[in-house]
Amino acid sequence: MSFEKNIRTVVPYTPGEQPQRRVIKLNTNESPYAPSPKVAEVLHSFDADSLRRYPQPDCHVLTEALAAYHHVEEDQVFVGVGSDDVLSMCFLTFFAGEKPILFPDITYSFYEVWAAVYRIPFIKVSLTDQFELRPEDYRRENGGIVFANPNAPTGKAMSLTGVEQIIKENPDSVVIVDEAYVDFGGESALPLISRYDNLLITRTMSKARALAGMRIGYALGSKKLIRYLNDVKFSVNSYTVNAPSLAVGVASLEDERYFRETTAKTIATREWTKEQLKKLGFFFPDSQTNFIFASRPGTSAERLFEQLKQRDIYVRYFRQPVLDQYLRITIGTQQEMETLIRELETLLKKNF
């Protein structure tokens with residue numbers, strides 16, 4: 001068809017499966033715990049009549065709460081529909097030059113998708129054999145840099161010193177640090193915002209705050225970068241985050257005790273799971289996230305993935321070179337992880 005020459009085509013991002021029945025779901029890095037009780041209270045008392053009006057275009061109620069929480073100015077905060085929306089807006093805003101942007105060759109696969117959608121040239125920078133990101137590899141001409149810290153799907157975190165080296169050595173580029181998993185370990189680059197105008201940090205409430213279903217993400221950076229983001233946002237869609245999400249986001253921030261308790265439980269279960277997997281012969285990068293990227297020599301990751309699925313245990317498998325040797329296992333409740341370990345013990349004895 002002749003009209004097809006005008007169509008923008010791209011290979012889309014592939015999300016994890018979302019089974020519509022009760023399973024042990026360890027494949028999409030969601031929280032195994034319910035959101036804060038304060039969130040439930042807000043939802044139960046939400047005024048449905050208010051939905052006939054558009055939500056706040058500047059998301060003021062949430063940007064104000066986030067600014068207070070992170071001890072920054074309100075005009076240093078940008079809010080979007082999950083961190084995917086925020087990152088997409090960042091690609092559109094900051095990576096508009098002709099030079100290629102840089103990101104790791106093993107990382108969040110959406111980076112490459114956005115680059116393709118927005119026709120942004122890019123170079124994938126190799127990690128080491130130990131899945132480490134080397135700051136010196138980003139000391140080259142570029143049109144921007146983005147990387148996740150801790151990284152996904154490896155779970156490894158880079159030191160704040162390494163992060164600062166990349167930012168400092170690329171003063172003419174916007175450096176985006178994707179901190180979707182920083183609540184589970186690693187060092188945040190937040191202390192660097194006041195020192196580097198080219199730094200932007202993206203965060204999500206989907207993981208540690210258990211709000212994946214509400215789609216709340218945000219960015220923290222210099223006032224100049226946030227202004228540029230808002231200029232593009234208001235040129236695309238003024239009303240992004242819905243009213244219930246804004247209210248729920250604020251409620252979650254008001255319950256720091258619950259947030260700390262559930263995050264600590266996930267970290268404790270992660271460390272327990274690491275030890276159990278080691279006993280079963282698995283090896284993995286030292287995760288500082290809410291998942292483990294595990295491989296077992298002589299064992300087919302794909303076959304193990306399928307066998308676990310038959311037992312209603314969903315983990316993530318990537319059909320890509322190198323990654324296809326690993327399973328990414330989200331940390332569930334302690335009970336769920338104990339069930340996983342028992343099933344792995346049985347499968348490894350019988351079939352591998």
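For sorting a pocket lining by class, Ala, Val, Leu, Ile, Met, Phe, Trp, Tyr, Cys and Pro count as nonpolar, Asp, Glu, Lys and Arg as charged, and the others, Gly among them, as polar. The exercises below concern a predicted model.

**Exercise 1. Describe the second largest pocket by volume, central residues and lining classes.**

Step 1. The second largest pocket holds about 430 Å³ of space.
Step 2. Its lining has 20 residues, and K25, E30, S31, P32 and E336 are the closest to its centre.
Step 3. Sorted by class, the lining of the second largest pocket gives seven nonpolar, seven polar and six charged residues.

**Exercise 2. Do the same for the largest pocket, and name the elements that give two or more residues to its lining.**

Step 1. The volume of the largest pocket is about 1,200 Å³.
Step 2. Its lining comprises 49 residues; Y13, T14, Y108, S109 and R316 lie nearest the centre.
Step 3. Two or more lining residues come from each of helix 3 (82-94), strand 3 (101-104), helix 4 (110-117) and strand 11.
Step 4. The classes are 25 nonpolar, 13 polar and eleven charged residues.

**Exercise 3. R316 lies among the residues nearest the centre of the largest pocket. Place the sheet that holds strand 11, and find the residue opposite R316.**

Step 1. Three strands make up an open, antiparallel sheet, in the order 9-12-11.
Step 2. Strand 9 (291-294) and strand 11 (316-317) are the edge strands, each pairing on one side only.
Step 3. Strand 11 is joined to strand 12 (residues 327-330) by two bridges.
Step 4. Opposite R316 stands R328, in strand 12.
Step 5. Helix 8 (residues 256-279) lies across strand 9 and strand 12, and runs at about 20° to strand 9.

**Exercise 4. Compare the linings of the two largest cavities.**

Step 1. There are three cavities of 30 Å³ or more.
Step 2. The largest cavity has a volume of about 60 Å³, and the second largest about 50 Å³.
Step 3. Residues lining the largest cavity include A34, P35, S252, D255, Y258, F259 and T262. Helix 8 contributes the most to this lining, with three residues.
Step 4. The second largest cavity has T262 in its lining too, along with E30, S31, P32, F184, K207, A208, T263, T266 and N290.
Step 5. By class, the largest cavity is lined by six nonpolar, three polar and two charged residues; the second largest has three nonpolar, five polar and two charged.

**Exercise 5. Which way do the residues of strand 2 point, and how does strand 2 pair with strand 8?**

Step 1. In a regular strand the side chains alternate between the two faces of the sheet.
Step 2. In strand 2 (residues 77-80), V77 and V79 point one way, F78 and G80 the other, and all are buried.
Step 3. Four bridges pair strand 2 with strand 8 (residues 217-221) in the antiparallel sense; the bridge partner of V79 is Y218.

**Exercise 6. Locate the unusual backbone geometry, and decide whether H71 and F131 are buried or exposed.**

Step 1. Most residues other than glycine have a negative phi, and most peptide bonds are trans.
Step 2. Cis peptide bonds join N149 to P150, with omega about 0°, and A152 to P153, with omega about 10°.
Step 3. P150 sits in the loop between strand 5 (145-148) and helix 5 (160-168), and P153 is in the loop between strand 5 and helix 5.
Step 4. Phi is positive at H71, about 60°, and at F131, about 65°.
Step 5. H71 has 72% relative accessibility, so it counts as exposed; F131 has 9%, so F131 counts as buried. The cut-offs are over 50% for exposed and under 20% for buried.

Key:
Residues numbered from 1 in each chain as written. Predicted model: local features only at pLDDT ≥ 70, side-chain atom pairs only at ≥ 80, totals over all residues. Heavy atoms only, no water. Pairing = 2+ DSSP bridges. Contact = heavy atoms within 4.5 Å. Axes fitted to C-alpha atoms, helices over the stretch in contact; angles between N-to-C directions. 1 Å grid on protein atoms, 1.4 Å probe; cavity = no way out; pocket = protein on both sides within 12 Å on 5 of 7 lines; lining within 4 Å. Points joined across faces, edges and corners; volume = space filled by probe spheres on them. Buried < 20%, exposed > 50% of the residue type's maximum accessible area, 1.4 Å probe, protein only.
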